[in-house]
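Colleague: I should like to go through this model with you, beginning with the overall fold and ending with the aromatic rings.

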Amino acid sequence: MTTYCDYVRTHPEDEYNRIYHDTQYGFPLSEDHLLFERFMLEINQAGLSWITILKKADNFRRAYDNFDIDKVASYGEPDKARLLSDAGIIRNRLKIHAAIENAKRIQVLRSESHSFKGWLDVHESLTLEEWMKLFKQTFVFTGGEIVREFLVSTGYLAGAHEKQCPVYKTVAALRPAWIRKD
């Protein structure tokens, strides 16, 4: 199986994946709206290619108010209709429902842990299997691959970059959660 680092190295023409790989993938995030954005992009990727999501990322930010958790949590029927008719995003009723419902659930987590990041940090020593169980209990539309990619892409689990990848050292220097566990 080809790794993401291999893919980017052997497909220099794919600027979307190269830029994401070199500047975002595996980099720890500290702001709740960015964590929520990544979580929702991973959910929207389910059943589709990642390049589709990367090409639509700006449209998602626009459609979902830059992933402002409180705004998304307050979406009602007119917002759902607006999102379902927006050709710039993935128009899937279940994924739109997941964004709104998960924003509401993050609001609850924030009241308990002060932030989505705070909640994630409390659990950073969990194994992948424990994370998957926790996400399934806490959120909607969260399969194993969605949870794994969210956690790897935000630095909570190792595996975003091979050790020989030039980006590996950059990410490691930021001391993501997977480094702090070791």
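The exchange below concerns a predicted model.

Colleague: Which pattern does the chain follow along the sequence?

Modeller: The secondary structure comprises twelve helices and zero strands. Read along the sequence, the pattern is therefore α-α-α-α-α-α-α-α-α-α-α-α.

Colleague: How does the radius of gyration of the chain relate to the globule rule?

Modeller: For 182 residues the globule rule gives 16 Å, and the chain is close to that value, so it is as compact as a globular protein of that length. The radius of gyration of the chain is 16 Å.

Colleague: What percentage of the residues count as buried?

Modeller: A residue is counted as buried if its relative accessible area is under 20%. Of the 182 residues of the chain, the share is 48%.

Colleague: How is the aromatic pair of F39 and F150 classed?

Modeller: The pair links helix α3 (residues 32-45), which holds F39, with helix α10 (residues 144-153), which holds F150, 111 residues apart. The ring centres are 5.2 Å apart and the planes meet at 45°. Planes under 30 degrees apart would count as stacked and those over 60 as edge-to-face, so this pair is tilted.

Colleague: Are F116 and F139, which also form an aromatic pair, buried or exposed?

Modeller: F116 lies in helix α8 (residues 116-122) and F139 in the loop between α9 (128-138) and α10, so the pair ties together parts that are 23 residues apart in sequence. The arrangement is edge-to-face, with 6.0 Å between centres and 75° between planes. Both F116 and F139 are buried.

How values were computed: Residues are numbered from 1 along each chain as its sequence is written. This is a predicted model: local features need pLDDT of at least 70, side-chain atom pairs count only at pLDDT 80 or more; totals for chains, interfaces and linings use all residues. Side-chain values use heavy atoms; hydrogens and water are left out. Helices (H or I, at least four residues) and strands (E, at least two) are DSSP runs, numbered from the N terminus. The radius of gyration is taken over C-alpha atoms; the globule rule is 2.2 Å times the number of residues to the power 0.38. Buried means under 20% relative accessible area, exposed over 50%, partly exposed in between (1.4 Å probe, protein chains only). Rings of Phe, Tyr and Trp (its six-membered ring) pair if their centres lie within 6.5 Å; planes under 30 degrees apart count as stacked, over 60 as edge-to-face and the rest as tilted.
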